[in-house]
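The following exercises ask you to read a protein model from its overall layout down to single residues. Work through each task with the structure in view before turning to the solution.

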Amino acid sequence: MDEKQTSQLFELADLILAVGRHIQASKKGAAESGTPLEGAVMRFIDRHPGTTPGAAAEATQLISSNFSRALRGLESRGLVRRDVDEHDARRVRLYPTEKAQENLQRLRETWSRLLDGTVTDPHEIDTVIATLQRIEAQLTQNPGRPGKPR
C-alpha cells in the first residue's frame with residue numbers, strides 16, 4: 001500500500017469514528033442506551049432474531065464473558081428475551097422484545113432527523129450505505145486484519 005492510500009484509508013477510518021461519535025451522542029435521551037458492547041449485541045440480535053448466544057458472540061467478536069455481561073444487561077433492562085429452541089431444548093434463541101422494537105423505532109426517527117439534509121441524492125445515499133456495508137462485512141470476515149501479512 002502506498003502513502004497516498006494509507007492516508008486516504010486513515011482519513012476514512014477517522015471520519016467514520018467522528019461521525020459515529022456524533023450519531024451515538026444524539027441518542028442520549030431519545031432511546032434507552034447501554035454500553036457500546038450492549039449496542040453491538042443488540043444490533044446483531046435486532047438484525048438476526050432467533051440467533052443463538054454462541055452465534056451472536058462470534059458475530060460481535062466478543063469473548064464469552066464480555067458477551068454474557070452485555071446480554072445480561074440487555075435482559076435486565078427488558079430489551080432481549082431468551083426462548084428455548086423448539087427443536088432442541090438444550091439451546092436457547094435470542095429475540096428483541098417489544099420494548100427493544102420501540103427503542104429501535106425511536107433511534108430510527110432520531111437518527112433520520114439527525115442526518116436529514118446531509119446527503120440529499122438517494123443514489124449517493126445508496127452508494128454510501130453499500131460502501132459501509134462492504135467495509136463492515138470485510139472487517140467482520142477478517143477481524144485480525146491489522147496484522148495481516150502483505
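**Exercise 1: One helix and its two sides**

The buried residues of helix 5 pack against helix 1, helix 2 (36-47) and strand 2 (92-96). Task: in this predicted model, determine which residues of helix 5 are buried and which are exposed on the other side.

Solution. Begin with the geometry of the element: helix 5 covers residues 98-115, and its 18 residues should span 26 Å at 1.5 Å a residue, which agrees with the 26 Å between its end C-alpha atoms. Next, pick out the residues of helix 5 that are buried, namely Ala-100, Asn-103, Leu-107 and Thr-110. These residues lie on the same side of helix 5, because the arc they cover around the axis is only 90°. Then turn to the other side of helix 5, where Glu-98, Arg-108 and Arg-113 are exposed. Finally, look just past the helix: Gly-117 follows helix 5 and has a positive phi, near 90°.

**Exercise 2: A second helix treated the same way**

Task: establish what covers the buried residues of helix 4, and list the exposed residues on the face turned away from its buried side.

Solution. Helix 4 comprises residues 64-76, and the distance from its first C-alpha to its last is 18 Å, close to the 18 Å expected for 13 residues at 1.5 Å a residue. The buried residues of helix 4 are Phe-67, Ala-70, Leu-71, Gly-73 and Leu-74. Since they cover an arc of only 160° around the axis, they fall on the same side of helix 4. Their cover includes helix 2, helix 3 (53-59), strand 1 (80-84) and strand 2. On the face turned away from the buried side, helix 4 carries Ser-64, Arg-72 and Ser-76, which are exposed. Helix 4 is followed by Gly-78, and the phi of this glycine is positive, near 75°.

**Exercise 3: A positive phi without glycine**

Task: locate Gln-61 relative to the helices, and decide how far it is exposed.

Solution. Gln-61 sits in the loop between helix 3 and helix 4. Its phi is positive, about 60°, although the residue is not a glycine. As a rule, most residues other than glycine have a negative phi. For the second part, the relative accessible area of Gln-61 is 43%, and Gln-61 is therefore partly exposed, given that this class lies between the limits of 20% and 50%.

**Exercise 4: A nonpolar patch**

Task: identify the residues that make the nonpolar surface patch, and state which helix gives the most to it.

Solution. The patch, of about 510 Å², is made by Met-1, Leu-9, Leu-12, Ile-16, Val-128 and Leu-132. Two helices, helix 1 (3-26) and helix 6 (122-141), each supply at least two of its residues, and helix 1 gives the most, with three. Leu-9, one of the patch residues, has its place in helix 1 and counts as partly exposed because its relative accessibility is 40%.

**Exercise 5: The chain as a whole**

Task: describe the order of the elements in the protein chain and the share of its residues that count as buried.

Solution. The secondary structure comes to six helices and two strands, which run α-α-α-α-β-β-α-α from the N terminus on. Of the 150 residues, 21% count as buried. Along the principal axes, the C-alpha atoms fill a box of roughly 55 × 40 × 25 Å. The chain exposes about 10900 Å², of which carbon and sulfur atoms supply 55%. Among contacts between residues at least 6 apart in sequence, 58% join residues at least 24 apart.

How values were computed. Residues are numbered from 1 along each chain as its sequence is written. This is a predicted model: local features need pLDDT of at least 70, side-chain atom pairs count only at pLDDT 80 or more; totals for chains, interfaces and linings use all residues. Side-chain values use heavy atoms; hydrogens and water are left out. Patches are made of residues with over 30% relative accessible area and no salt bridge: like charges are joined within 9 Å, nonpolar side chains (Val, Leu, Ile, Met, Phe, Trp, Tyr) within 5 Å. Accessible areas come from the Shrake-Rupley method with a 1.4 Å probe; for residues, only the protein chains shown count as cover. A salt bridge is a side-chain nitrogen of Lys or Arg within 4 Å of a carboxyl oxygen of Asp or Glu. Helices (H or I, at least four residues) and strands (E, at least two) are DSSP runs, numbered from the N terminus. Buried means under 20% relative accessible area, exposed over 50%, partly exposed in between (1.4 Å probe, protein chains only). The expected span of a helix is 1.5 Å times one less than its number of residues. The arc is that of the directions from the helix axis to the C-beta atoms. Contact means heavy atoms within 4.5 Å.
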